Protein chains: 2
Amino acid sequence: MPNLLGYNVRRAEIALWRDFSRTVGEGEVRPALFSLMILVEANPGVAQIDIANQLDIDKATIVGLVQRLQRRQCVVCRRSEVDRRRQGIFLTDRGQKELNQLRQEMLDHETRFTRLFSAQELAQLFTLLRRIHP
Amino acid sequence: MPNLLGYNVRRAEIALWRDFSRTVGEGEVRPALFSLMILVEANPGVAQIDIANQLDIDKATIVGLVQRLQRRQCVVCRRSEVDRRRQGIFLTDRGQKELNQLRQEMLDHETRFTRLFSAQELAQLFTLLRRIHP
DNA sequence: TATTGTTATACTCTATAACTATA
DNA sequence: TATAGTTATAGAGTATAACAATA
């Protein structure tokens with residue numbers, strides 16, 4: 001089993017998750033929520049369906065994540081004027097401020113793991129992982 | 001974000017999980033349950049606490065997994081004579097038969113991903129992943 | 001007909017805290 | 001005191017199915 005791909009990827013994911021949970025966002029923000037905030041910041045007004053496609057998860061799953069961010073007053077949704085089915089998602093000032101804080105904690109978290117590798121090893125690891133999730 | 005370690009590991013894990021779920025055990029057995037069966041097969045009579053330590057998850061989490069295997073009549077538990085706190089877990093004949101079937105499906109699943117890599121790349125990937133979950 | 005978002009529901013896997021029985 | 005197992009509870013993140021509103 002130690003030589004099974006899925007097993008090793010899962011173990012790595014759990015280790016990363018634990019460190020993230022214990023060091024980022026005072027235990028209130030988890031990787032998926034953070035990813036969503038980053039996406040909204042980079043694409044102000046992005047629609048839920050686009051996020052779902054980008055992250056390759058079902059659109060129904062996005063709804064709950066967005067609602068959690070709305071409750072935290074980190075994002076607001078505005079219905080599109082041109083296509084009234086779509087809702088643009090925007091970071092609030094508060095969301096932006098919180099994200100700036102999270103980003104720093106997140107980079108510290110990231111560094112605790114990336115420093116285990118040389119630049120070349122890290123690039124190689126990314127290349128290999130991306131082959132699994134094309 | 002595409003250059004964040006956690007993000008790429010998580011995406012890879014989701015991709016592996018989906019393929020596993022759709023091709024192994026007719027959608028009734030998931031990676032964690034499969035891992036547990038493999039561990040029990042390799043260590044007949046293993047105690048729950050040892051499994052928890054081996055997989056690096058809390059012992060309370062193991063209980064539910066074992067109970068699911070008991071309900072499927074794949075394992076039985078026998079209390080130890082020497083230390084009555086411990087319970088040995090054993091595969092039943094039925095569990096062994098089911099595991100043999102699962103193993104084949106699982107290897108097909110594994111191959112669909114490992115064939116994306118050369119032997120050297122795969123070894124490298126394992127080395128790097130293990131550095132994340134020491 | 002197709003797409004966007006929503007609701008309802010369920011599942012896997014993890015965690016923590018408090019408990020019992022045993023050592 | 002410490003350990004093995006259990007129970008209760010909670011939470012994140014995924015999925016499917018069915019629906020309303022809109023295109």
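**Entry 1. DNA strand C**

I began with DNA strand C and found that 27 residues surround it, the closest being Arg10(A), Arg18(A), Gln48(A), Ile49(A) and Gln87(A). I note at the outset that this is a predicted model. I then asked which part of the strand faces the protein: 66% of the atoms of DNA strand C within 4 Å of the protein belong to sugar or phosphate, and the rest to bases.

I next looked up individual approaches to the phosphates of DNA strand C. In the side chain of Arg18(A), an N or O atom is 2.5 Å from a phosphate oxygen of this strand. For Gln67(A), I recorded 3.0 Å between a polar side-chain atom and a phosphate oxygen of DNA strand C. Chain B takes part as well, for a polar backbone atom of Asp58(B) is 3.1 Å from a phosphate oxygen of DNA strand C.

I also listed the elements that each supply at least two residues of the surface near DNA strand C: H1, H3 and H4 of chain A, together with helix H2 (31-42) and H4 of chain B. By class, I found eleven nonpolar, four polar and twelve charged residues on that surface.

**Entry 2. DNA strand D**

I turned to the other strand. DNA strand D is surrounded by 27 residues, and the closest are Arg84(A), Arg10(B), Arg18(B), Gln48(B) and Ile49(B). Of the atoms of DNA strand D that come within 4 Å of the protein, sugar and phosphate make up 69%.

Three residues of chain A were checked against the phosphates of DNA strand D. A backbone N or O atom of Pro31(A) lies 3.5 Å from a phosphate oxygen of the strand. For a backbone N or O atom of Asp58(A), the distance to a phosphate oxygen of DNA strand D is 3.1 Å. Arg68(A) uses its side chain, in which a polar atom lies 3.4 Å from a phosphate oxygen of DNA strand D. The elements giving two or more residues to the surface near this strand are helix H2 (31-42) and helix H4 (59-71) of chain A, with helix H1 (5-23), helix H3 (48-55) and helix H4 (59-71) of chain B. I counted the classes here too: the surface near DNA strand D has eleven nonpolar, four polar and twelve charged residues.

**Entry 3. Chain A against chain B**

I then examined how the two protein chains meet. In this interface, 42 residues of chain A are in contact with 42 residues of chain B. About 4500 Å² is buried between the chains, and carbon and sulfur atoms give 66% of that area.

How many salt bridges does the rule find across the interface of chain A and chain B? I noted four. One that I looked up joins Asp56(A) to Arg18(B), with the closest N and O atoms 2.9 Å apart. Across this interface, 16 residue pairs are in polar contact.

On the side of chain A that touches chain B, two or more residues come from each of helix H1 (5-23), H2, helix H3 (48-55), helix H5 (93-114) and helix H6 (119-132) of chain A. H1(A) gives the most to this side, with twelve residues. I recorded 25 nonpolar, eight polar and nine charged residues on the side of chain A that touches chain B.

**Entry 4. How the copies are related**

I superposed chain A on chain B: a rotation of 180° with 0.0 Å of shift along its axis does so, at an RMSD of 0.0 Å. The two copies are therefore related as by a two-fold rotation axis. I further noted that 100% of the interface residues of chain A are also interface residues in chain B, so the copies meet through the same surface.

**Entry 5. Layout of chain A**

Finally, I looked up the layout of one chain. Chain A has six helices and two strands. Its elements run α-α-α-α-β-β-α-α from the N terminus on. Taken along the principal axes, the C-alpha atoms of chain A fill a box of roughly 50 × 30 × 25 Å.

Definitions and conventions. Residues are numbered from 1 along each chain as its sequence is written. Chains are lettered from A and ligands numbered from 1 in the order in which they are written. This is a predicted model: local features need pLDDT of at least 70, side-chain atom pairs count only at pLDDT 80 or more; totals for chains, interfaces and linings use all residues. Side-chain values use heavy atoms; hydrogens and water are left out. A residue is near a molecule or strand if one of its heavy atoms lies within 4 Å of it. A polar contact is a pair of N or O atoms within 3.5 Å; within protein, one must be able to donate a hydrogen and the other to accept it, and residues adjacent in sequence count only if both atoms are side-chain atoms. Helices (H or I, at least four residues) and strands (E, at least two) are DSSP runs, numbered from the N terminus. Ala, Val, Leu, Ile, Met, Phe, Trp, Tyr, Cys and Pro count as nonpolar, Asp, Glu, Lys and Arg as charged, and the others, Gly among them, as polar. Contact means heavy atoms within 4.5 Å. Buried area is the accessible area (1.4 Å probe) that two parts lose on being put together, summed over both. A salt bridge is a side-chain nitrogen of Lys or Arg within 4 Å of a carboxyl oxygen of Asp or Glu. Copies are superposed by least squares on the C-alpha atoms of residues with pLDDT of at least 70 in both.
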